[in-house]
Amino acid sequence: MNSELPVLKIGMLGCGVVGAQVARLLTQDADELSTRSLAKLVLARVAVRDISASREGLDPSLFTTDANSVVADPEIDLIIEVMGGIEPARSLILLAIENGKSVVTANKALLANHGDELYSAAEKKGVDLYYEAAVAGAIPILRTLRESLVGDHVTRIMGIVNGTTNFILTKMDEEGRAFEDVLAQAQSLGYAEADPTADVEGFDAAAKAAILAGLAFHTRVTADEVYREGISGITPDDVAVAKSMNHVIKLLAIAELTAEDHISVRVHPALIPRTHPLAAVRDAYNAVFVEAESAGELMFYGRGAGGAPTASAILGDVVAVARHIMKDSLGPRESDYADRDVVRIDEIRTQYLIRLDVADKSGVLAAIAQAFASENVSIQTVRQTGRGGDAELIVVTHSATEEALASTVKRLASMDMVRAVESVIRVEGVAQL
Ligand code: HSE
């Protein structure tokens with residue numbers, strides 16, 4: 001039956017871990033994917049940096065180092081971009097769009113920094129730009145936000161969207177190990193890059209948060225508008241305290257509507273109760289927890305990285321886009337009609353856990369409580385553990401602004417009786433000491 005289908009030629013930019021899986025599945029499942037696409041899908045050309053690298057099972061004549069010739073090829077209808085990075089990916093995608101080709105990309109950094117330019121170019125030219133694989137790998141969260149939840153009002157998204165940091169925090173929690181120790185293990189297992197900055201300092205999650213927030217709140221959000229903190233400062237003591245409170249520390253990507261109908265988008269470590277569904281997301285898995293006015297709470301869970309899981313998301317996009325090309329139509333796209341303001345972190349209200357090393361003598365607790373009260377930060381709970389002449393005070397605040405909390409911490413740090421402010425970590429959900 002497929003021999004009667006019209007041919008739809010695909011060009012691919014990049015052939016690394018993800019590209020190789022896309023090529024494998026396009027070849028292995030050619031008949032079924034073609035039937036679903038209403039067109040015979042043919043991987044026609046693949047642009048790579050090094051043509052001599054061995055790529056088992058793939059016809060060597062497909063490969064070229066001339067990526068411009070792939071996006072300019074009039075025979076090619078659809079481009080898959082899996083090369084990553086900003087340039088030359090940005091220029092090549094713009095050129096492909098200019099040449100009337102629809103594009104499927106997994107490039108979160110590019111979309112989070114230059115999305116506006118790319119979405120506008122695709123809209124103007126009347127082609128599809130699909131990017132399900134850019135956030136949380138195999139989890140179909142972008143289509144869900146763009147299509148399934150388009151009839152609802154999303155109020156909040158809380159995601160674990162970086163597998164490397166979730167792996168590290170899981171091991172710290174379950175095995176009591178230090179950040180550096182688990183990072184080294186993650187690097188040897190291939191979860192973490194030799195330069196782990198993008199993952200451990202939250203840049204990767206921030207790009208994904210920007211994309212999620214944009215779709216959920218019908219507003220263009222860029223990566224530089226996302227407040228970001230990584231996990232390199234989390235200590236075994238922080239993890240142990242969280243555990244003693246029946247909480248777990250996770251790196252969360254949060255996008256939420258504020259009371260003023262603005263949006264807050266942020267990535268930072270936070271304590272969440274062990275009873276929260278996200279607390280059960282272990283190792284390198286990802287999950288996205290969505291709250292919507294009518295739907296209520298939803299959670300999407302799965303593999304956020306890796307060749308085959310990411311290729312699954314890309315092929316879903318390829319089939320959808322191919323169908324649109326065959327029907328001379330376009331898929332639903334992201335919108336920016338709401339154009340909401342992204343608020344500064346200073347204005348956001350959250351609960352905080354503050355660990356203090358203090359002198360254990362009379363009047364200390366009262367003075368510390370006074371420091372919080374002076375900045376209008378209300379204390380929810382305090383717990384004290386003796387340490388010889390010193391004590392550790394664990395304070396959990398009621399919801400307070402970042403600005404008020406920062407002033408409180410400054411005040412505490414300047415007090416003689418406070419030996420050290422050991423850590424300040426946000427708490428999402430209800431804290432129970
Ligand atoms: N490095 C990412 C992670 C996967 O650890 O989840 C790609 O975004």
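**Exercise 1. Work out where the largest cavity lies relative to domain 1 and domain 2.**

Step 1. Take the bounds: domain 1 covers 7–137 + 308–326 and domain 2 covers 141–302. Such bounds come from an automatic or database domain assignment.

Step 2. Look at the lining. Domain 1 and domain 2 both give residues to the lining of the largest cavity, so this cavity lies between them.

The model is predicted: local features need pLDDT of at least 70, side-chain atom pairs count only at pLDDT 80 or more, and totals for chains, interfaces and linings use all residues. Residues are numbered from 1 along each chain as its sequence is written, and side-chain values use heavy atoms, with hydrogens and water left out.

**Exercise 2. Describe the largest cavity by its volume and its lining.**

Step 1. Fix the terms. On a 1 Å grid over the protein atoms alone, a cavity is a set of points where a 1.4 Å probe fits but cannot get out; a pocket is an open set with protein on both sides within 12 Å along at least five of seven lines; lining residues have an atom within 4 Å of a point. Points are joined across faces, edges and corners, and the volume is the space filled by probe spheres set on them.

Step 2. Search the whole structure: 1 cavity of 30 Å³ or more is found. The largest cavity holds about 140 Å³ of space.

Step 3. List the lining. It has 16 residues, and Tyr119, Gly214, Thr219, Arg220 and Val221 lie nearest the centre. Helix H5 (108–125) and helix H10 (203–217) are the elements that give two or more residues, and H5 gives the most, with 5 residues. Helices (H or I, at least four residues) and strands (E, at least two) are DSSP runs, numbered from the N terminus.

Step 4. Sort the lining: 8 residues are nonpolar, 5 polar and 3 charged. Here Ala, Val, Leu, Ile, Met, Phe, Trp, Tyr, Cys and Pro count as nonpolar, Asp, Glu, Lys and Arg as charged, and the others, Gly among them, as polar.

**Exercise 3. Describe the largest pocket and place it among the domains.**

Step 1. The largest pocket holds about 1500 Å³ of space.

Step 2. Its lining has 50 residues; Val17, Val18, Lys108, Glu193 and Gly306 lie nearest the centre. Elements that each supply at least two residues include helix H1 (17–28), H5, H10 and strand S11 (285–292).

Step 3. The lining divides into 21 nonpolar, 17 polar and 12 charged residues.

Step 4. Domain 1 and domain 2 both give residues to this lining, so the largest pocket lies between them.

**Exercise 4. Describe the contact between domain 2 and domain 3, and the pocket there.**

Step 1. Domain 3 covers 345–427. Taken over C-alpha atoms, the centres of domain 2 and domain 3 are separated by 25 Å. The contact (heavy atoms within 4.5 Å) takes 18 residues from domain 2 and 14 residues from domain 3.

Step 2. The area buried between the two is about 1200 Å², with 65% from carbon and sulfur atoms. Buried area is the accessible area (1.4 Å probe) that two parts lose on being put together, summed over both.

Step 3. Between domain 2 and domain 3 there are 2 salt bridges (a side-chain nitrogen of Lys or Arg within 4 Å of a carboxyl oxygen of Asp or Glu).

Step 4. Domain 2 and domain 3 both give residues to the lining of the second largest pocket, so this pocket lies between them. Its volume is about 240 Å³. Among its 17 lining residues, Glu229, Ser423, Val424, Ile425 and Arg426 are the closest to the centre.
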